[in-house]
There are 2 protein chains.
Amino acid sequence: MRELVFVGLGLNDEKGISLNGLEEAKNADQVFMELYTSLLPDFSMKNLEALIHKQIQVLSRRNLEEENGKLILEAAETGKAVFLVPGDPFIATTHLTLRIEAAKRKIPTRIIHGASIISAIISVSGLHNYKFGKTVTIPLKENFSETPYNVIAQNKQLRLHTLCLLDLKTDEKRYLTIKDALTMLGEIEDKKKLNIASETALAVGLARAGSKTPTLKADFVGELQKFDFGEPPMTLIFPGQLHFMEAEALIAFADAPTKLRSMTT
Amino acid sequence: MRELVFVGLGLNDEKGISLNGLEEAKNADQVFMELYTSLLPDFSMKNLEALIHKQIQVLSRRNLEEENGKLILEAAETGKAVFLVPGDPFIATTHLTLRIEAAKRKIPTRIIHGASIISAIISVSGLHNYKFGKTVTIPLKENFSETPYNVIAQNKQLRLHTLCLLDLKTDEKRYLTIKDALTMLGEIEDKKKLNIASETALAVGLARAGSKTPTLKADFVGELQKFDFGEPPMTLIFPGQLHFMEAEALIAFADAPTKLRSMTT
């Protein structure tokens, strides 16, 4: 059967995949994967191949973006191709082009969802889903701009939280850290002085969501910059106005200063 | 070991759970579940119990909210308790109270994430993650207010998309439909006339995310109201300003009118 199934790998390791996803991979004629849009720190290719009883072909950014996913499309033209993607398959917009190209070739596509950092961090932090504004990615130093600062400022004005995804270049093993993100935002703060990323602004950092050792810490930026989050991947939230239940959650699970209780609505 | 592990069931059926989640449930002393915060249309209790080799105790809203999760907390005081929750465990804020109560009793808690509608609908629709504003729940008729309309309007002014979760009362088998949501928003539209939910405003509906038969349709509200989405659960998006790639995705996967191409940036 001609088919292309996008399967979300979820978070952290090969066991983040759902039973539905596993079944699709087992029944595929060819299985592909990419590991460059996100970091799955405890992922084992050997274990996943053992689980699905077949070999997995790893595709590079070049295979997918410059060659437009030619290898996958060719496999899906003649049989069932499964494409494994970290997280939920289209949260990074990268693979949308591939899905549209498949549609143009009349190849049926389906999606098996996986856990994504964008819902996981809401769950882990205890912050309320409906209080998040626009999400932003904080780029690595060479691509840094004022955009992330401005997005946080706009959300804050609306009393909303901002989820900041931290950029990475897996091929170069470079992952933006919370510390470096705070430093870069601090430089914009020095110019704009909106108290977005000043030493006394509140922020919440999360490292290794979905692993056995996730690290969640809420504190004022000055303190957070000294905190050791350990290994990547990392994510950052700038809270807007806190509900008292959110403050309690941050105190209970993110070791936040109890002073937060006086900052709630 | 005293422990409370919250495990996300993901979407649609018992196979939405991750391998990590399944392992936790297999190793638990007691397994609990709730099925009232979301609808998993193809879920089979019998199949899930067979997968984890033990009985699952289903908890009602009363057990969890009025009795403050007493049954689960008692189980976690003496052994390993696993609590299965549709989607990702804390996207509905309901269970945060339970986690905070566990922390107060010094019961260690962990989270195994699952796929959530809030990331799934972004993946399915092809709309870009970083272009969503604040999320809103559209309540059932008896609780309807102007809030959802105002949230959509505020997001639209910022050129952002709005994800609208549609409320449900699983115990009464009542699920807000896209048609009814559009009708209620239309009544506010008649008063406010901001072209948010008028017949010519664009909207995207999704039914049964994560199932074998998800239905995604983008169209102008007047047309969308006549469209048959089939069975619940349903979700609705009001797009803000569309990027041309988003328009192409809606045309390819949501059978959107090709007129969208002239409405992009």
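Me: Which residues are linked with A:Arg2 in a network of salt bridges?
Reply: This is a predicted model, so take the geometry below as computed. One link in the network is the side-chain pair A:Glu77 and A:Arg2, at 2.8 Å from N to O. Counting A:Arg2 itself, the network is made of A:Arg2, A:Glu77, A:Glu101 and A:Arg105.

Me: How many residues apart are A:Glu77 and A:Arg2, which meet in a salt bridge?
Reply: The A:Glu77 and A:Arg2 side chains pair up in a salt bridge. That pair links distant parts of the chain, with A:Glu77 in helix H4 (residues 70-78) of chain A and A:Arg2 in the segment before strand S1 (3-8), and the separation is 75 residues.

Me: Is A:Arg2 buried, partly exposed or exposed?
Reply: Buried would need under 20% relative accessible area, and exposed would need over 50%. A:Glu77 has 28%, so that end of the pair falls in between. A:Arg2 has 30% relative accessibility, so A:Arg2 counts as partly exposed.

Me: Which residue forms a salt bridge with B:Glu77?
Reply: Over in chain B, B:Glu77 lies in helix H4 and its partner sits in the loop between H5 and S5, so the pair ties together parts that are 28 residues apart in sequence. B:Glu77 is partly exposed at 27% relative accessible area, and the partner is partly exposed too, at 33%. The closest N and O atoms are 3.5 Å apart, and the partner is B:Arg105.

Me: What separates B:Glu74 and B:Lys70 in helix H4 of chain B?
Reply: Their side chains meet in a salt bridge at 3.6 Å, N to O. B:Glu74 is partly exposed at 41% relative accessible area, and B:Lys70 is partly exposed at 48%. Because they are four residues apart in helix H4 (residues 70-78), what separates them is about one helical turn.

Me: How many salt bridges does the rule find across the interface of chain B and chain A?
Reply: Over all chains, the structure holds 40 salt bridges. Across the interface, the side chains of A:Glu23 and B:Lys15 meet in a salt bridge at 3.0 Å, N to O. For the interface of chain B and chain A, the rule gives two.

Me: Which element gives the largest share of the side of chain B that touches chain A?
Reply: Between the chains there are 16 residue pairs in polar contact. Elements giving two or more residues to chain B's side include helix H1 (19-26), helix H5 (96-104) and strand S5 (109-112). The largest share is six residues, and it comes from H6(B).

Me: What is the area buried between chain B and chain A?
Reply: The contact takes 52 residues from chain B and 52 residues from chain A. Carbon and sulfur atoms give 64% of the buried area. The area itself is about 4,400 Å².

Me: What relation do chain B and chain A have?
Reply: A rotation of 180 degrees with 0.0 Å of shift along its axis superposes chain B on chain A, with an RMSD of 0.0 Å. In addition, 100% of chain B's interface residues are also interface residues in chain A, so the copies meet through the same surface. The rotation of 180 degrees with 0.0 Å of shift is the relation of a two-fold axis.

Me: Which residues have the most contacts inside the largest nonpolar core?
Reply: That core has 93 residues, and its largest share, six residues, comes from helix H10 (residues 244-253) of chain B. A second, separate core has 36 residues, including A:Val31 and B:Leu9. B:Leu4 is in contact with B:Ile72, B:Phe83 and B:Leu98, among others. In the largest core, the residues with the most contacts are A:Leu4 and B:Leu4.

Me: Which elements of chain B do the buried residues of H10(A) pack against?
Reply: The buried residues of H10(A) include A:Glu246, A:Leu250 and A:Phe253. Within chain A, they pack against helix H6 (117-125), strand S10 (202-207) and strand S11 (215-220). From chain B, the elements are H5 and S5.

Me: With which side chain does the side chain of B:Glu24 make a polar contact?
Reply: B:Glu24 lies in helix H1 of chain B and is buried, because its relative accessible area is 11% and buried means under 20%. Residues touching B:Glu24 include B:Val5, B:Val82 and B:Arg110. The polar contact is at 2.5 Å, with the side chain of B:Lys80.

Notes: Residues are numbered from 1 along each chain as its sequence is written. Chains are lettered from A and ligands numbered from 1 in the order in which they are written. This is a predicted model: local features need pLDDT of at least 70, side-chain atom pairs count only at pLDDT 80 or more; totals for chains, interfaces and linings use all residues. Side-chain values use heavy atoms; hydrogens and water are left out. A nonpolar core is a set of buried Ala, Val, Leu, Ile, Met, Phe, Trp, Tyr and Cys residues joined through side-chain atoms within 4.5 Å. Buried means under 20% relative accessible area, exposed over 50%, partly exposed in between (1.4 Å probe, protein chains only). Contact means heavy atoms within 4.5 Å. Copies are superposed by least squares on the C-alpha atoms of residues with pLDDT of at least 70 in both. Buried area is the accessible area (1.4 Å probe) that two parts lose on being put together, summed over both. A salt bridge is a side-chain nitrogen of Lys or Arg within 4 Å of a carboxyl oxygen of Asp or Glu. A polar contact is a pair of N or O atoms within 3.5 Å; within protein, one must be able to donate a hydrogen and the other to accept it, and residues adjacent in sequence count only if both atoms are side-chain atoms. Lists of a residue's contacts leave out its neighbours within four places in sequence.
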